Amino acid sequence: MTTNSKEKTKTISPDSVITKRDFWSVFFRSLTLDSSWNYERMQNLAYAFAMAPIIRRLYKTPEERKEALERHLEFMSVTPHISTLLFGISGAMEEENKKNAKFNPASINAVKSSLMGPMSGIGDSFFWGTLKVIASGVAISLAKEGNIFGPIAFLLIINVPHFILRYICLDKGFKLGAKFFSDVGDSGIIEKVTNAASILGLMVIGGMTASNVVFELTAKVGSGKIAAPLQEYVDQIMLGFFPALFFLIIYWLLGKKVKTTTLLVGVIVISILFAALGIA
């Protein structure tokens with residue numbers, strides 16, 4: 001095997017100069033996306049840091065590298081777990097910019113800006129709104145039983161699909177470039193996935209509320225042997241009525257911008273008061 005053919009096998013595709021080493025450098029650097037978060041441009045510093053291996057590979061002069069890095073220091077905010085799709089697309093467009101003298105480099109940031117919203121919609125709905133809730137529910141259920149696997153399960157449920165998707169997104173981003181998300185957007189699959197993830201997340205939250213929020217009335221109706229707990233009558237009307245009511249009140253207060261610490265202290269105080277009065 002010749003030296004040229006050996007070198008070609010190291011690239012991500014036959015017509016690309018970006019190597020597998022560059023690919024993995026971007027992959028691991030993408031894990032730092034939120035490490036330098038700032039109020040002005042959010043994830044821009046880490047984004048430029050992750051793109052640096054691609055820029056070094058494509059551009060040889062300091063002026064070209066400086067110009068390319070400055071492009072990726074613009075505002076950036078995307079769900080970190082699937083951010084590699086954007087890194088791949090940016091890398092593919094940077095390579096096209098290097099090869100094609102007529103390519104407009106301003107389109108790189110234009111594409112990034114247009115994709116941030118749809119990608120974050122899908123990523124936030126799936127990872128923060130659905131998967132994190134499911135992982136929390138499983139972990140809390142195990143931890144309540146004293147099972148050490150609880151926190152381990154939490155990390156596994158989130159990170160196994162996370163790292164699989166992170167790799168797939170980077171690979172597809174490099175191979176398909178900006179055309180990938182354009183085709184996906186035209187098919188309407190973004191809205192369908194976002195809607196499905198939102199529905200699943202709401203179902204999981206409902207299940208967690210019913211199983212993990214406990215509120216039972218201790219008062220009894222009747223006297224003597226025929227006295228029955230008031231909670232039994234409430235359950236016959238609507239099972240889980242008080243947990244649902246409690247959840248809705250907390251949710252409403254969060255919508256009114258009440259601080260979570262205030263709500264936590266309030267719940268503790270009310271719980272102690274109800275227990276002392278024998279209400280619940």
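Mentor: Contact means heavy atoms within 4.5 Å. The model is predicted, so that local features need pLDDT of at least 70 and side-chain atom pairs pLDDT 80 or more, while totals for chains, interfaces and linings use all residues. Residues are numbered from 1 along each chain as its sequence is written, and side-chain values use heavy atoms, without hydrogens or water.

Trainee: Among contacts between residues at least 6 apart in sequence, what percentage join residues at least 24 apart?

Mentor: The protein has 280 residues, of which 34% are buried (under 20% relative accessible area). Of the contacts in the protein between residues at least 6 apart in sequence, the share that joins residues at least 24 apart is 68%.

Trainee: How many helices and strands does the protein have, and in what pattern do they follow along the sequence?

Mentor: Counting DSSP runs from the N terminus (helices H or I, at least four residues; strands E, at least two), the protein has 12 helices and two strands. Read along the sequence, these elements give the pattern α-α-α-α-α-α-α-α-α-β-β-α-α-α.

Trainee: Which residues does UniProt list as "transmembrane region", and how far apart are the end C-alpha atoms of residues 261-279?

Mentor: The unreviewed UniProt entry gives this annotation to residues 125-142, 148-169, 196-217, 237-254 and 261-279, although such annotations may be inferred rather than shown by experiment. In the model, residues 125-142 are 100% helix and 0% strand, with end C-alpha atoms 25 Å apart. Residues 261-279 are 89% helix and 0% strand, and the distance between their end C-alpha atoms is 25 Å.

Trainee: Why does the span of helix 11 agree with what its 15 residues should give, and which residue with a positive phi follows helix 11?

Mentor: Because the expected span is 1.5 Å times one less than the number of residues, helix 11 (residues 241-255) should span 21 Å, and its end C-alpha atoms are indeed 21 Å apart. The chain then continues beyond helix 11, where a phi near 70° belongs to Lys257.

Trainee: Is Val214 buried or exposed, and how far is Val214 from Phe246 in space?

Mentor: Val214 has its place in the loop between helix 9 and strand 1 (220-221). Since exposed means over 50% relative accessible area, with 20% to 50% partly exposed (1.4 Å probe, protein chains only), Val214 counts as exposed because its relative accessibility is 66%. Phe246 comes 32 residues away from Val214 in sequence, yet the C-alpha to C-alpha distance in space is 9.5 Å.
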